[in-house]
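Work through the exercises below with the model open. Try each task before you read its solution.

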Amino acid sequence: MVETIQWVDGAVVMIDQRRLPLEETYATCRTYEEVAAAIRDMIIRGAPAIGVAAAMGVALGVAHASEENLDREFGTICDTLAATRPTAVNLFWAIDRMKRLYASLRGLPLNEIRRRLVEEALLVREEDIAICRAIGATARRSCPTIRLC
């Protein structure tokens, strides 16, 4: 199975969808700004994948944020990601989900906040995969000649 987007060693790795179907190449984003550029430049496409990228971008941004300015930096991270695709519903849904979690974690040690945000971003990804599999199973039942991964 080709992975659209993954969290690998503290970086977001996504297939460069601009190169498909001729090439299978990947972009590695090590900062939330790089994730924002990948969304804006359409390296990653499709509403669910954009949502996953946004959640991972928030987690990546907090992973590099300073404890002293965490609240301010968190706002900047979210605003930067939100500005990439102003009409993308999944983008805003994912950012809002990460904002709610962040608000619930106030007062915890920074390492715990970082860990929980990464876990949440990975959960967003897993939920998306489960939804895609369920859709694929439904499509196969209604049209058995369709071959889905």
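Buried means under 20% relative accessible area, exposed means over 50%, and partly exposed lies in between (1.4 Å probe, protein chains only). This is a predicted model: local features need pLDDT of at least 70, side-chain atom pairs count only at pLDDT 80 or more, and totals for chains, interfaces and linings use all residues. Residues are numbered from 1 along each chain as its sequence is written, and side-chain values use heavy atoms, with hydrogens and water left out.

**Exercise 1. Classify cysteine 78 and cysteine 29, then count the disulfides.**

Step 1. Cysteine 78 has 2% relative accessibility, so it counts as buried.
Step 2. Cysteine 29 has 4% relative accessibility, so it is buried too.
Step 3. A disulfide is a pair of cysteine sulfur atoms within 2.5 Å. By this rule the count is 0 disulfides.

**Exercise 2. Lay out the sheet.**

Step 1. Strands (E, at least two residues) and helices (H or I, at least four) are DSSP runs, numbered from the N terminus. Two strands pair if DSSP finds at least two bridges between them.
Step 2. The sheet is open, with 3 strands in the order S1-S2-S3 and antiparallel pairing.
Step 3. Strands S1 (5–8) and S3 (26–29) are at the edges with a single partner strand each, so one side of each lacks a neighbour in the sheet.
Step 4. From one strand to the next, the twist averages 25°. Angles run from 0 to 180 degrees between N-to-C directions, and axes are lines fitted to C-alpha atoms, for helices over the stretch in contact.
Step 5. S1 pairs with S2 (residues 11–15) over 4 bridges. S2 and S3 are also joined by 4 bridges.
Step 6. Valine 12 of S2 stands opposite tryptophan 7. Valine 12 also stands opposite cysteine 29 in S3.

**Exercise 3. Sort the residues of S3 by face.**

Step 1. In a regular strand, side chains alternate between the two faces of the sheet.
Step 2. Ala27 and Cys29 form the covered face of S3, while Tyr26 and Thr28 form the uncovered one.

**Exercise 4. Describe how H3 packs with H4.**

Step 1. H3 (residues 70–82) and H4 (residues 89–104) pack at about 170°, with axes 10 Å apart.
Step 2. Angles under 35 degrees count as roughly parallel, over 145 as roughly antiparallel, 65 to 115 as roughly perpendicular, and the rest as oblique. H3 is therefore roughly antiparallel to H4.
Step 3. Contact means heavy atoms within 4.5 Å. Residues making the contact include Phe74 and Cys78 of H3 and Phe92 and Ile95 of H4.
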